[in-house]
Amino acid sequence: MTAPPIERQAIISGIGQSQVGRRLNRTGLDLTMEAALAAIEDAGLSVGDVDGVSTYPGSSGAFGGATGAELHDALRLELSWRDGGPETAGQLGAVHKAALAVGAGLARHVLVFRTVLQAGGPAAGAGDIPSFMRFLLPFGAASAANWIACYAQRHMHDYGTTREHLGAVAVNARANAALNPNAVYTEPVTMSDYLGSRMVSDPFCLYDCDAPCDGSTVVVVSHRDYAADCPHAGIGVNAIGTALGGRPSWDQFEDLTTMPLGASAQSLWARTELTAADVDVAQVYDGFSWLTLAWIEALGFCRRGEGGPFVEGGRRIRLDGELPLNTSGGQLSGGRLHGFGLLYEAVVQLRHDGLARQVPGGPEVAVVAAGGGPEVGCMLLTRGAS
């Protein structure tokens, strides 16, 4: 690249997270307000300083939650820029767009949020069924667990990936969650427990599937010139990965051993002088355990098809390993905050505020990746403005 990417004009200046748990019996807006006010305070700002809002998936999408308009009205914000919608680079697309807006001078301090109500959110009506699912529902394939299991099976067939490899991701997640007081599940899980748990959608068992929960996560994306006034270490947005290669489909992608994650990762590395070898901690999507292997491969931490051997035994991915992975427990044990929990944890780690789960040595570079199927995106973050 001939000039620094525009996203480097942005930092993450504040983070906030609501109560997280199962069946909290709170509204999406209530949770969002709790997280938003915490993030604003964490950034050293007042509500009046906020001039932008960005959210995923806006007024539509799975898992309930709150909309940008609801937060806008509740906080009585005066906005220079706003955005929200599902057709973007996965959940992190809302953060990407906030960083670009700040870099372009459209806003200075943007609240970016994702709120989920997965225990009591509104059910989709018949008219809300996506068109592609009309080809899947007659066969009982109503869940992403069914669709992604097919990819996992093909990966096993072509590369020799095993259930023990998937189990290494799940067992590591639970070990990290035990050190996170906000995690949904903290009870120890052994490989024997994993292999003995009930099957959900072969090869995925109970522990391969993330933990539905209620909660909201908010980050404040600010212009980098605010870093000097930020109460915490400003976390630089070094690069974003937004590309979508191949067909925008869950079930018609050309290569059935991966997903469009590879194009997203390639676009990330094309926007930075850093490489996978520079990454100190990885927070990558684990809606299902196999997606974590797919992201590890796509991001270049190992070669294609070697995600299983890379995580085998868990040594490389533990807190003191070569690539500390999903240090809060991820979505498998920490709770399905739909990718934003991973982003929150990346900031915690780069601030060196992880307490019992802090990666040793003080990480300086983190990668965050979210999504599966065609709804994918990633980010590279650094301690201090990039």
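**Exercise 1.** In this predicted model, determine which helix holds Asn172, whether Asn172 is buried or exposed, and which residues distant in sequence Asn172 touches.

*Solution.* Begin with the secondary structure, where Asn172 falls within helix 5, the element that covers residues 163–177. Next take the relative accessibility of Asn172, which is 7%, and set it against the cut-off for burial, which is under 20%; Asn172 therefore counts as buried. Finally, leave aside residues up to four places away in sequence, and the contacts of Asn172 are Ile317, Arg318 and Leu325.

**Exercise 2.** Work out which residues of helix 2 are buried, how they are arranged around the helix axis, and what covers them.

*Solution.* Helix 2 runs over residues 68–75, and its buried residues are Gly68, Leu71 and Leu75. Looking down the axis of helix 2, one finds these buried residues within an arc of 65°, and they therefore line one face of the helix. The cover over the buried residues of helix 2 includes helix 1 (28–42), strand 2 (52–55) and strand 4 (109–117). As a last step, follow the chain just past helix 2, where Arg76 adopts a positive phi of about 55°.

**Exercise 3.** Place Asp30 in its secondary structure element, classify its exposure, and state what distance separates its C-alpha atom from that of Asp255.

*Solution.* Asp30 belongs to helix 1, which is also one of the elements covering the buried residues of helix 2. The relative accessibility of Asp30 is 34%, and because this value lies between the 20% and 50% cut-offs, Asp30 counts as partly exposed. Asp30 and Asp255 are 225 residues apart along the chain, and their C-alpha atoms are separated by 42 Å.

**Exercise 4.** Describe the protein as a whole, asking why its radius of gyration agrees with that of a compact globule, what share of its residues is buried, and how its contacts are spread along the sequence.

*Solution.* Start with the inventory of elements, which comprises eleven helices and eleven strands. For 386 residues, a compact globule would have a radius of gyration near 21 Å, and the value for the protein agrees because it is 19 Å. The C-alpha trace spans about 55 × 50 × 40 Å along its principal axes. Turning to burial, 58% of the 386 residues count as buried, while the accessible surface comes to about 15,000 Å², with 51% of it belonging to carbon and sulfur atoms. Among contacts between residues at least 6 apart in sequence, 78% join residues at least 24 apart. Lastly, for the charges, the mean positions of the 26 positive and 39 negative ones lie 2 Å apart.

Definitions and conventions:
Residues are numbered from 1 along each chain as its sequence is written. This is a predicted model: local features need pLDDT of at least 70, side-chain atom pairs count only at pLDDT 80 or more; totals for chains, interfaces and linings use all residues. Side-chain values use heavy atoms; hydrogens and water are left out. Helices (H or I, at least four residues) and strands (E, at least two) are DSSP runs, numbered from the N terminus. The radius of gyration is taken over C-alpha atoms; the globule rule is 2.2 Å times the number of residues to the power 0.38. Buried means under 20% relative accessible area, exposed over 50%, partly exposed in between (1.4 Å probe, protein chains only). Contact means heavy atoms within 4.5 Å. Accessible areas come from the Shrake-Rupley method with a 1.4 Å probe; for residues, only the protein chains shown count as cover. Lys and Arg count as positive and Asp and Glu as negative; His and the chain ends are not counted. The place of a charge is taken as NZ of Lys, CZ of Arg, CG of Asp or CD of Glu. The arc is that of the directions from the helix axis to the C-beta atoms.
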